[in-house]
Amino acid sequence: MNPRRTDLLAAGAATVTVILWASAFVSIRSAGEAYSPGALALGRLLSGALALGVICLIRREGLPPRSAWRGIAISGVLWFGFYMVVLNWGEQQVDAGTAALVVNIGPILIALLGVRLLKDAMPPRLLAGMAVSFAGAVTVGLSMSDDGGSSVLGVVLCLLAAIAYAGGVVAQKPALGSATPLQVTTFGCFTGAVVCLPFAGQLVSEAADAPASATLNMVYLGVFPTALAFTTWAYALARTTASRMGATTYAVPALVVLMSWLALGEVPGLFTLAGGALCLAGVAVSRSRTRTVPPMAAAPVTAPEPRPEKASDPERASDSA
């Protein structure tokens, strides 16, 4: 495939991912009013696993190769399972701004782990873009934080979520070298659902009393921000570095601000809008590539012209006759 087309497809897949992950924050806010953290995570993962399983059967994907299972299992436990539970729990303990602020150290951890474990390159533009985006995330977080609305437990839970997110991404990257993005996402989601099975009793009891809107939001979280967005994430991750993909997720806070404005009527202040703009600017810088100047074309080498033969040379004169 044309490298230019591959880059465009990867960028499109990353865009789908960040848009759907941003929409997840709006849905979590609704579903979290009726479901506890573990039950919400399990319901989301079961919905996603069902959708992914059907797609795998239709496409006849089969099982991933043995070499991919280690990365799939680690990412399934850390990212699909542990991360979703502690993030849901943490967001009940702290305000949205503090949660976004703490969780957004995840891309920085991904970059550090990627350099250490995956030998990712760390070009200056990526570093600069991540610095700008993190400054934007800090601005958004501070502007959305409530005085006294945070707890030590909530901050610790969000920090654990960021660590699990980074570890899951770095573990997933090698698995994509031998398995397809759909296989990695499907069996990672299955693994996360198994990890969350202890919350099955809570899910059953809470689903009986939950309003239909909360349950529909939980199903939406499973089908779109999980099944679809994690697959497009894996597709893009297979075609770039973990560090660059982690930096891309800094667009999520800006999109959350916009979606909350449109869907929930939460009008952001100028401070919040400025932070969102910084997040997007940093992503643009981190994903840009340095232009390479093509080398100057070498001057064509011409063969030397043959010397004219002297008429006074009797042997050459007789040969040419």
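Tutor: A residue is called exposed when its relative accessible area is over 50% and buried when that area is under 20%. With those cut-offs in hand, we can turn to this structure, which is a predicted model.

Student: Why does R59 count as exposed?

Tutor: The relative accessibility of R59 is 55%, and the cut-off for exposed is over 50%, so R59 counts as exposed.

Student: What makes R59 and E61 a salt bridge?

Tutor: The closest N and O atoms of E61 and R59 are 3.3 Å apart, and the definition asks for a side-chain nitrogen of Lys or Arg within 4 Å of a carboxyl oxygen of Asp or Glu, so the pair qualifies as a salt bridge. In general, side chains of opposite charge can pair when their charged atoms come close. The structure holds one salt bridge.

Student: Is E61, the partner of R59, buried or exposed?

Tutor: E61 has a relative accessibility of 17%, and the limit for buried is under 20%, so E61 counts as buried, whereas R59 counts as exposed.

Student: What is unusual to note about the phi of R60, and where does this residue lie?

Tutor: R60 has a positive phi of about 55° although it is not a glycine, and its place is in the loop between α2 and α3. With a relative accessible area of 76%, set against the cut-off of over 50%, R60 is exposed. K119 also has a positive phi, near 60°, and is likewise a residue other than glycine; K119 lies in the loop between α5 and α6 and, at 66%, is exposed.

Student: Why are α2 and α10 called oblique to each other?

Tutor: The axes of helix α2 (residues 37-59) and helix α10 (residues 212-237) come within 7 Å and cross at roughly 55°. Angles under 35 degrees would count as roughly parallel and those from 65 to 115 as roughly perpendicular; roughly 55° belongs to neither range, and α2 and α10 are therefore oblique. In this crossing α2 passes α10 in a right-handed sense.

Student: How do the axes of α5 and α7 compare with those same limits?

Tutor: The axes of helix α5 (residues 106-117) and α7 come within 8 Å and cross at roughly 40°. That makes α5 oblique to α7, as the angle is outside the range under 35 degrees and also outside the range of 65 to 115. The crossing of α5 and α7 is right-handed.

Student: How do you know whether I110, in helix α5, is buried or exposed?

Tutor: I110 has 0% relative accessibility, and buried means under 20%, so I110 counts as buried. The C-alpha atoms of I110 and A247 are 8.8 Å apart in space, while the two residues are 137 residues apart in sequence.

Student: Which residues make the nonpolar surface patch, and what makes V152 eligible for a place in it?

Tutor: The patch, of about 510 Å², is made by F82, V152, V156, L159, L160 and I163. Its members need over 30% relative accessible area, and V152, in helix α7, has 69% relative accessibility, so V152 passes that limit and also counts as exposed. The largest share of the patch, five residues, comes from helix α7 (residues 152-175).

Student: How many helices and strands does the protein have, and what percentage of its residues is buried?

Tutor: The protein has 14 helices and zero strands, and buried residues make up 46% of its 321 residues.

Methods
Residues are numbered from 1 along each chain as its sequence is written. This is a predicted model: local features need pLDDT of at least 70, side-chain atom pairs count only at pLDDT 80 or more; totals for chains, interfaces and linings use all residues. Side-chain values use heavy atoms; hydrogens and water are left out. Patches are made of residues with over 30% relative accessible area and no salt bridge: like charges are joined within 9 Å, nonpolar side chains (Val, Leu, Ile, Met, Phe, Trp, Tyr) within 5 Å. Accessible areas come from the Shrake-Rupley method with a 1.4 Å probe; for residues, only the protein chains shown count as cover. Helices (H or I, at least four residues) and strands (E, at least two) are DSSP runs, numbered from the N terminus. Buried means under 20% relative accessible area, exposed over 50%, partly exposed in between (1.4 Å probe, protein chains only). Axes are lines fitted to C-alpha atoms, for helices over the stretch in contact, and angles run from 0 to 180 degrees between N-to-C directions. Angles under 35 degrees count as roughly parallel, over 145 as roughly antiparallel, 65 to 115 as roughly perpendicular and the rest as oblique. A crossing is left-handed if the near helix is turned anticlockwise from the far one by less than a right angle, and right-handed if clockwise.
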